[in-house]
2 protein chains.
Amino acid sequence: MEPNTQKDSPLFHQNFPPLILKILQVVDLNVDEINTLMKLHNHPHSFDELTTIINHGAIHKKSYIVTEGWAYRYYDLNDGSRQIINFYLPGDIISPYALVMRKTPYCVDSITCLKVCEFEPEKLIELFVTQPRLNLIYGWLLGREDSMMAEQIVRNGRRSAYKSVAHLLLEIHHRLRIVDHAAEEAFPMPIAQHYLSNALGLSLVHISRTLRKLRVNKLIAVTPKTVSLLDINKLKEITEYKGYYLDQIKDINSIIENTMIDNSLQTTNMA
Amino acid sequence: MEPNTQKDSPLFHQNFPPLILKILQVVDLNVDEINTLMKLHNHPHSFDELTTIINHGAIHKKSYIVTEGWAYRYYDLNDGSRQIINFYLPGDIISPYALVMRKTPYCVDSITCLKVCEFEPEKLIELFVTQPRLNLIYGWLLGREDSMMAEQIVRNGRRSAYKSVAHLLLEIHHRLRIVDHAAEEAFPMPIAQHYLSNALGLSLVHISRTLRKLRVNKLIAVTPKTVSLLDINKLKEITEYKGYYLDQIKDINSIIENTMIDNSLQTTNMA
DNA sequence: CCTGCCCATTAACTTAAGTTAATGAAATGC
DNA sequence: GCATTTCATTAACTTAAGTTAATGGGCAGG
């Protein structure tokens, strides 16, 4: 996790935190930008498993970059049921809107032991002013979140349990793979079935039934902490999975070149 | 947030487009900022009802500010079913991520005749550079969208049809009211029941049954193009409606002031 | 080693919501 | 004026998913 900006080193990729890996999937970063992003990683912190990180109704204070482990955002209803809104995997930002939103309408809990880097959302402002490309990249991260939530809405609204479960597994696999946390057709899945149930709005029993069906159909294999996707192409076909919302971005340089009216402000500020 | 005399004058309200009204609900704008926002409204355009505005898979080119009418974003599945992701009402921005996202994974169609103001997403960059407060306000608009989508996920995942329908009606009423398009307990609803059905992931028949139940319980009244909320407090209680995600923001001025101070201390403040 | 807890599985039964279809009520068109 | 279409309603029936509950496998802790 120590900064290492030797871009030519063969270990280059291995040394970067997952957020930077994720960004490098879609756009090149220069040394300045990497340094700036590394600075956001200056305050590592660790949460135990099953710990509340952000509480419903609290004032937004910090943002967190996940570097290791799983967490999730959820909302509890009065009847005791819980709806998971999204999962946070390595490379994701918890509370990306902390800069402007006052109160968090939702809770965030860790699932596994969670390693994060805490940053003050106000840091984003100076980051954006000095590095306009990073401003756009941050916007891309937000747009990507928007697409993932839209997918979650489609899953919950109009897909059968069978397709829903398969679709979510495909997405998690895809997201983990982008940050080098999954093999070609398997990934570590440290979450119990009740998380799937609360994410997909289904009962625990029905999740169990549905996973069995997927196992019987030789589409997945599950061991206590791993999921294997045995036939990714068939899974994608069945679920109509289209993952392109996860790894596409516009050509950032041409956007900036075409619009920069006043480049003179853009002096490098690195110390 | 503070009422000021100018803001309460009827003339004041009539003259601004709904996006500005929405922003003025949570933060004061100076003349410069209002002028900048007005410039974004320089290219009015009109779409007929039931027209596709953005097509699945197309390259993002334009963004649109809705000034009048309703539209919605959706995704169609192979079996012919459609899931509505969100509605666009006056004051909303269609394609707010067009600046960075390449292809739209979803479609947007008008419901009624739709008046919009088209703007090039690249315009946002110079706007942000010259008006940092507007940069934050744009971020707030995105964070608000995020909250609304989270609510949509909770509705579809863990609420009964009865609560789901009531909750959506409350939210639409709240949103319309913010931009002066709704009375205290009634609003024009130009959308047929199949939109509700596709938004909530329920069948058309079940929407009809559910609306009847709400009518019988004297909670709503419906005429062809209007919905009346007969007992808002009871509706809020039943559905656990908490609308604060729609109209809260941090104190933008203090964010900016604090960051300028941080800037000057930046070299000493980290190691 | 047992004890207890968590989690997954399976079966039996229930229910909320889906489906199909018939009817009516408006709105639209000729 | 009537014909056509669209939309809402209601009833009868079906089904996917929920509920309850019993069973068993791991595994942590004494």
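For the residues described here, Ala, Val, Leu, Ile, Met, Phe, Trp, Tyr, Cys and Pro count as nonpolar, Asp, Glu, Lys and Arg as charged, and the others, Gly among them, as polar. The structure is a predicted model, and the confidence of the prediction is reported for chain A before the contacts with DNA and one pocket are described.

Chain A has a mean pLDDT of 89, and 90% of its residues reach 70 or more. Within chain A, confidence is highest in strand 6 (residues 93-94), at a mean of 98, and lowest in helix 1 (residues 12-15), at 60. For residues 1-11 of chain A the pLDDT falls below 50, and this stretch has 16 contacts in the model beyond near neighbours in sequence. The pLDDT is also below 50 over residues 262-271 of chain A, a stretch with eleven contacts beyond near neighbours in sequence.

DNA strand D is surrounded by 15 residues, and the closest of these are A:Ala161, A:Ser203, A:Arg209, B:Gln193 and B:Arg212. Of the atoms of DNA strand D that come within 4 Å of the protein, sugar and phosphate account for 61%. Both chains contribute helices to the surface near DNA strand D: helix 8 (204-216) of chain A and helix 9 (204-216) of chain B each supply at least two residues. Helix 9 of chain B gives the most, with five residues. By residue class, the surface near DNA strand D comprises five nonpolar, six polar and four charged residues.

Individual polar contacts with DNA strand D involve the backbone of the protein as well as side chains. A polar backbone atom of A:Ala161 is 3.0 Å from a phosphate oxygen of DNA strand D. The side chain of B:Ser208 has an N or O atom 3.2 Å from a phosphate oxygen of this strand. A base is contacted through A:Arg209, where an N or O atom of the side chain is 2.8 Å from a base nitrogen of DNA strand D.

Around DNA strand C there are 15 residues, of which A:Gln193, A:Arg212, B:Ala161, B:Ser203 and B:Arg209 come nearest. Sugar or phosphate makes up 61% of the atoms of DNA strand C within 4 Å of the protein, and the rest belong to bases. Helix 8 of chain A and helix 9 of chain B each supply at least two residues of the surface near DNA strand C. Here helix 8 of chain A gives the most, with five residues. The surface near DNA strand C divides into five nonpolar, six polar and four charged residues.

Two phosphate contacts of DNA strand C are made by side chains, one from each protein chain. In chain A, a polar side-chain atom of A:Ser208 lies 3.2 Å from a phosphate oxygen of DNA strand C. In chain B, an N or O atom in the side chain of B:His206 is 3.3 Å from a phosphate oxygen of DNA strand C. For the bases, a polar side-chain atom of A:Arg209 lies 3.4 Å from a base nitrogen of DNA strand C.

The second largest pocket has a volume of about 340 Å³. Its lining consists of 13 residues, and those closest to the pocket centre are B:Thr36, B:Lys39, B:Leu40, B:Lys123 and B:Glu126. Helix 4 (31-39), strand 8 (114-119) and helix 5 (123-130) of chain B each supply at least two lining residues. Helix 5 of chain B gives the most to this lining, with four residues. The lining of the second largest pocket is made up of three nonpolar, four polar and six charged residues.

How values were computed
Residues are numbered from 1 along each chain as its sequence is written. Chains are lettered from A and ligands numbered from 1 in the order in which they are written. This is a predicted model: local features need pLDDT of at least 70, side-chain atom pairs count only at pLDDT 80 or more; totals for chains, interfaces and linings use all residues. Side-chain values use heavy atoms; hydrogens and water are left out. On a 1 Å grid over the protein atoms alone, a cavity is a set of points where a 1.4 Å probe fits but cannot get out, and a pocket is an open set with protein on both sides within 12 Å along at least five of seven lines; lining residues have an atom within 4 Å of a point. Grid points are joined across faces, edges and corners, and a volume is the space filled by probe spheres set on the points. pLDDT is the predictor's confidence in each residue, from 0 to 100. Contact means heavy atoms within 4.5 Å. A residue is near a molecule or strand if one of its heavy atoms lies within 4 Å of it. A polar contact is a pair of N or O atoms within 3.5 Å; within protein, one must be able to donate a hydrogen and the other to accept it, and residues adjacent in sequence count only if both atoms are side-chain atoms.
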